[in-house]
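The following exercises train the reading of a protein model, from its sheets to its packed helices. Please work through each task before turning to its solution.

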Amino acid sequence: MCGIVGVVSTQPVNQLIYDALLLLQHRGQDAAGIVTQLGHKFFMHKAKGMVRDVFRTRNMRALPGTSGLGQVRYPTAGNAASEEEAQPFYVNAPFGLVLAHNGNLTNAHVLKEELARVDHRHINTESDSEVLLNVLAHELERATRGVPLQVDDVFAAVAAVHRRVRGSYAVVALIAGHGMLAFRDPHGIRPLCLGRGADGTVMVASESVALEGTGHRFERDVAPGEAVFIGLDGQIVARQCAHAPSHHPCIFEFVYLARPDSVIDGISVYQARLNMGEALATRVISTVPPTDIDVVIPIPESSRPAAMEVARLIGRPYREGFVKNRYVGRTFIMPGQAVRKKSVRQKLNVIASEFAGRNVLLVDDSIVRGTTSREIVQMAREAGAHRVFLASAAPPVRYPNVYGIDMPTQQELVAHGRTVEEIRQIIGCDALIYQDVDAMKRAVAALNPALRGFEASCFDGVYITGDVTLESVAAMNAPRQCARDATDEDAETSRLALPNAQEG
């Protein structure tokens, strides 16, 4: 999962892209990058770190131009420790291309070999985004065949990309001297939307909050398989480029990943979380009598809407019991269990009076590895809780996610191969309540009946692209696992990555 933004304007765009990336910072905290275009020349600055740390005044002054794109990175493919894999990526032919990508290619290793052997293009990193850029570049070169670029050529290139590439991808790219291209995979797994400013500026971004927060009016989502070309004059041309697109957005965007003030594919993220809380309340009542619960407490932050609905529907008080320190690195993909445990204590502190002598129901958005959940349950007990119940607004995470969320191996998932009772014993709570998979899907789908379904593979094991096997998952994870193993040897200097405020 990453955050991407692209802008075409008549005014300098460096500050605008910076502001949009700040609004998308929750989607990636490992690295950030901006490319701008002035005439036919690109200007780029990218580095590891958060937006506010990567870009100083001198860097911003070195990014002139009235069009550009940016990315905040949360690495789920390639080498997470490599600064070279910060985006955007650049190739000089054809025309000059820069690209930023959100998602994961499931056939990147096959494409990399194909690019070298057949297309004669060199890939210098382990990043699947560099692979995607070179596939696009090759197909654009084939479509133009040495003649001036036409919009039809751009769409023909994207159609060829769809035929070759598998997995999830939302993309923004600049073609030097011509304009900006945005497209989305044929299943619409990762989000991408489009909007305009009052001055005619066109922006595409991962979430609507980036548009609205920078003064742009949301117009629509980019459709699955669709390509949108924005000329440097701001004119927009769009075309469906996939043979048989289907709409299956990632349901984890609504569970946790997206900001609650975003609207994705016609669905309010906040309302989706309220609906999931309503469905969860039914599960809670069937497991623990509400009279046995004294107070409902969310685990900050994205579980709050669900927790509020659970409290309302079971008729018990809602209270804040944890205070979050926002200046501590996030723990979702922090290497090393000892470091993960230490960070939980640093970033969350209990309000002891809300726990002392009470039976508390803790509500989380999801439980992934279980390490954080176990630590939080222990913190509640140390604060004086009599009994600690734990409810997850999402179902058990039992399968690896290969479409851009860091849930790479089954062995790391606490729910894989275990019953709910076995998970409860590991976490140490008095009762563990999970959301039902179908109930979760119904809760979100009710907000947009036009959707055909969701990508929910980490919950139901169904991989929408149809090309995922245990062997392919292992192949995709190999470069990252090697880098992670190396990082674990020196945990104190490791990354504190992902946008997960309170994973499991």
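**Exercise 1. Describe the open sheet of 4 strands: its order, its edges and the helices packed on it.**

Solution. Step 1: the order of this open sheet is S16-S19-S20-S21, and the pairing is parallel. Strands (E, at least two residues) and helices (H or I, at least four) are DSSP runs, numbered from the N terminus. Two strands pair if DSSP finds at least two bridges between them.

Step 2: the edges are held by strand S16 (295-298) and strand S21 (431-434); each has a single partner strand, so one side of each is left without a neighbour in the sheet. Direction ignored, neighbouring strands of this sheet are turned by 20 degrees against each other on average. Axes are lines fitted to C-alpha atoms, for helices over the stretch in contact, and angles run from 0 to 180 degrees between N-to-C directions.

Step 3: strand S20 (residues 387-392) pairs with S21 in the parallel sense over 4 bridges. Phe-389 has Ala-431 in S21 as its bridge partner.

Step 4: helix H12 (residues 371-382) packs on the sheet and touches strand S19 (359-364) and S20, its direction making about 150 degrees with that of S20. Helix H13 (residues 420-427) also packs on the sheet; H13 touches S20 and S21, and its direction makes about 125 degrees with that of S21. Contact means heavy atoms within 4.5 Å.

A note on the source: this is a predicted model, in which local features need pLDDT of at least 70 and side-chain atom pairs count only at pLDDT 80 or more, while totals for chains, interfaces and linings use all residues. Residues are numbered from 1 along each chain as its sequence is written, and side-chain values use heavy atoms, with hydrogens and water left out.

**Exercise 2. Describe the open sheet of 7 strands and the place of strand S9 in it.**

Solution. Step 1: the strand order is S3-S2-S4-S1-S10-S9-S11, with antiparallel pairing. Strand S3 (41-48) and S11 stand at the edges with a single partner strand each, so one side of each is left without a neighbour in the sheet. The average turn between neighbouring strands of this sheet is 15 degrees, direction ignored. Helix H1 (residues 14-23) packs on the sheet, touching among others strand S1 (3-8) and strand S2 (31-38); the direction of H1 makes about 155 degrees with that of S2.

Step 2: S9 and strand S10 (residues 202-205) pair in the antiparallel sense over 4 bridges, with Val-204 in S10 as the bridge partner of Leu-194. The hairpin of S9 and S10 has 4 residues between the strands, and in this hairpin Gly-200 takes a positive phi near 95 degrees.

Step 3: S9 also pairs with strand S11 (residues 216-221), in the antiparallel sense over 5 bridges. Here Cys-193 has Asp-221 in S11 as its bridge partner.

Step 4: strand S9 (residues 193-197) is largely enclosed by the rest of the structure because 4 of its 5 residues are buried. Buried means under 20% relative accessible area, exposed over 50%, partly exposed in between (1.4 Å probe, protein chains only).

**Exercise 3. Is Leu-97 buried or exposed, and with which residues is Leu-97 in contact?**

Solution. Step 1: Leu-97 lies in strand S6 (residues 97-105). Its relative accessibility is 1%, so Leu-97 counts as buried.

Step 2: leaving aside neighbours within four places in sequence, the contacts of Leu-97 include Phe-42, Phe-89, Leu-133 and Ile-175.

Step 3: Leu-97 and Ala-173 are 76 residues apart in sequence, and their C-alpha atoms are 6.8 Å apart in space.

**Exercise 4. How do helix H4 and helix H5 pack?**

Solution. Step 1: two packed helices are described by the angle between their axes and the distance between the axes.

Step 2: helix H4 (residues 108-119) and helix H5 (residues 128-144) pack at about 45 degrees, with their axes 10 Å apart. H4 and H5 are therefore oblique to each other. Angles under 35 degrees count as roughly parallel, over 145 as roughly antiparallel, 65 to 115 as roughly perpendicular and the rest as oblique.

Step 3: on the side of H4, the residues making the contact include Leu-111 and Leu-115; on the side of H5, they include Val-131 and Val-135.
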